[in-house]
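Here are my notes on the model you sent over. Have the structure open while you read, and go through the points in order.

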Amino acid sequence: MRTLFSVIASIAIAYISATVPAATAANVEFCVSTPSELVQAIDSFDSAASGSDIVVRVQQGTYAIGNLLGQVEHTSGARAVGIQILGGYGAGCSTRQLDPANTVLDGNLLADGGLHLRMQGNANALFEGLSFTRLAAGTQSDPEGAVLELSMSPGSSETARYEVRHCRFVGNPGHRIIE
């Protein structure tokens, strides 16, 4: 036979379980200082949990990325995953100087340069404080490619925001810069 205490405890546990919100996906944060770390951070977009935001803090410097980013269309599939790529950070990403001249992504004029992200749902994208230079966008299958290409999957939300702030695009051959 149940005691009054066990009944009250069961009710309290049921109440707490019903009122505590379910865990939500959190930010996945990176502080990068090499081209391979940058590529790895951006690649995480493809497998991140729905509702999460990838935050990539890029330390000041020139990143010889060649075509490491442009050979793949990064996509979150049916998952709503946001991404922020933010330049201008000092060592350890503890300080930031927002000047696109101090964080440079250099494609070295290799074919298939650029970055293409396919967004889903109400996920947002932000690029800030970066210089994109010598990125030869376009592939044989898509010769009209862009240096920075952000696209929405069918059914994406009208509330999603795609922002490019305090960035510069210098010396990029091709037909399109941002698409």
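1. Start with cysteine 93. Its relative accessibility is 13%, so cysteine 93 counts as buried, the cut-off being under 20%. You'll find cysteine 93 in the loop between β5 (82–89) and β6 (103–106). Keep in mind that this is a predicted model, so treat every number here as computed from that prediction.

2. Stay with cysteine 93 and look at its backbone. Phi there is near 60°, which is a positive value in a residue that isn't glycine. That's worth a second look because most residues other than glycine have a negative phi. Histidine 166 is another case: its phi is near 50°, again positive in a non-glycine residue. Histidine 166 sits in the loop between β13 (162–165) and β14 (168–170).

3. Which residues does leucine 98 touch, once you leave aside its neighbours within four places in sequence? The contacts are Glu128, Gly129 and His166, and His166 is the residue with the positive phi near 50°. Leucine 98 itself is in the loop between β5 and β6. Its relative accessible area is 38%, so leucine 98 is partly exposed: that value falls between the 20% and 50% cut-offs. Its C-alpha is 7.1 Å from that of glycine 87, and those two are 11 residues apart along the chain.

4. Now zoom out for the overall layout. The protein has two helices and 15 strands. It is 179 residues long, and 41% of them count as buried. The protein exposes about 9,400 Å², with carbon and sulfur atoms supplying 56% of that area.

5. Here's a number to think about. Take the contacts between residues at least 6 apart in sequence: 86% of them join residues at least 24 apart. The next few points give you some individual pairs to find on screen.

6. How many aromatic pairs are there? The count comes to one. The partners are phenylalanine 132 and phenylalanine 169, whose ring centres are 4.7 Å apart and whose planes are at 5°, so the pair is stacked. Phenylalanine 132 is in strand β10 (residues 131–133) and phenylalanine 169 is in strand β14, so the pair ties together parts that are 37 residues apart in sequence.

7. Are the two phenylalanines buried or exposed? Phenylalanine 132 has a relative accessibility of 3%, so it counts as buried. Phenylalanine 169 comes in at 24%, so it counts as partly exposed.

8. Phenylalanine 132 turns up again in the lining of the largest cavity. The count gives one cavity of 30 Å³ or more, and the space in it is about 30 Å³. Besides Phe132, the lining is made of Ile65, Leu69, Leu105, Gly114, Leu115, Leu135 and Val147. By class, seven of the lining residues are nonpolar, one is polar and none is charged. If you're hunting for the polar one, it's Gly114, because glycine is put in the polar class here.

9. Leu69, one of those lining residues, leads us to valine 39. Valine 39 is in helix α2 (residues 35–43), and it is buried because its relative accessible area is 13%. Leaving aside neighbours within four places in sequence, valine 39 is in contact with Leu68 and Leu69. Valine 39 and leucine 69 are 30 residues apart in sequence, yet their C-alpha atoms are 6.6 Å apart.

10. Next, have a look at serine 151, in strand β12 (residues 146–152). Its relative accessibility is 15%, so serine 151 counts as buried. Setting aside neighbours within four places in sequence, serine 151 is in contact with His116, Leu117, Arg118, Met119 and Tyr162. Arginine 118 is 33 residues away from serine 151 in sequence and 4.8 Å away in space, C-alpha to C-alpha.

11. Finish with glycine 174, in the loop between β14 and β15 (176–178). At 57% relative accessibility, glycine 174 is over the 50% cut-off, so it counts as exposed. Its C-alpha is separated by 7.5 Å from that of alanine 146, with their positions 28 residues apart along the chain.

Definitions and conventions:
Residues are numbered from 1 along each chain as its sequence is written. This is a predicted model: local features need pLDDT of at least 70, side-chain atom pairs count only at pLDDT 80 or more; totals for chains, interfaces and linings use all residues. Side-chain values use heavy atoms; hydrogens and water are left out. Helices (H or I, at least four residues) and strands (E, at least two) are DSSP runs, numbered from the N terminus. Buried means under 20% relative accessible area, exposed over 50%, partly exposed in between (1.4 Å probe, protein chains only). On a 1 Å grid over the protein atoms alone, a cavity is a set of points where a 1.4 Å probe fits but cannot get out, and a pocket is an open set with protein on both sides within 12 Å along at least five of seven lines; lining residues have an atom within 4 Å of a point. Grid points are joined across faces, edges and corners, and a volume is the space filled by probe spheres set on the points. Contact means heavy atoms within 4.5 Å. Accessible areas come from the Shrake-Rupley method with a 1.4 Å probe; for residues, only the protein chains shown count as cover. Rings of Phe, Tyr and Trp (its six-membered ring) pair if their centres lie within 6.5 Å; planes under 30 degrees apart count as stacked, over 60 as edge-to-face and the rest as tilted.
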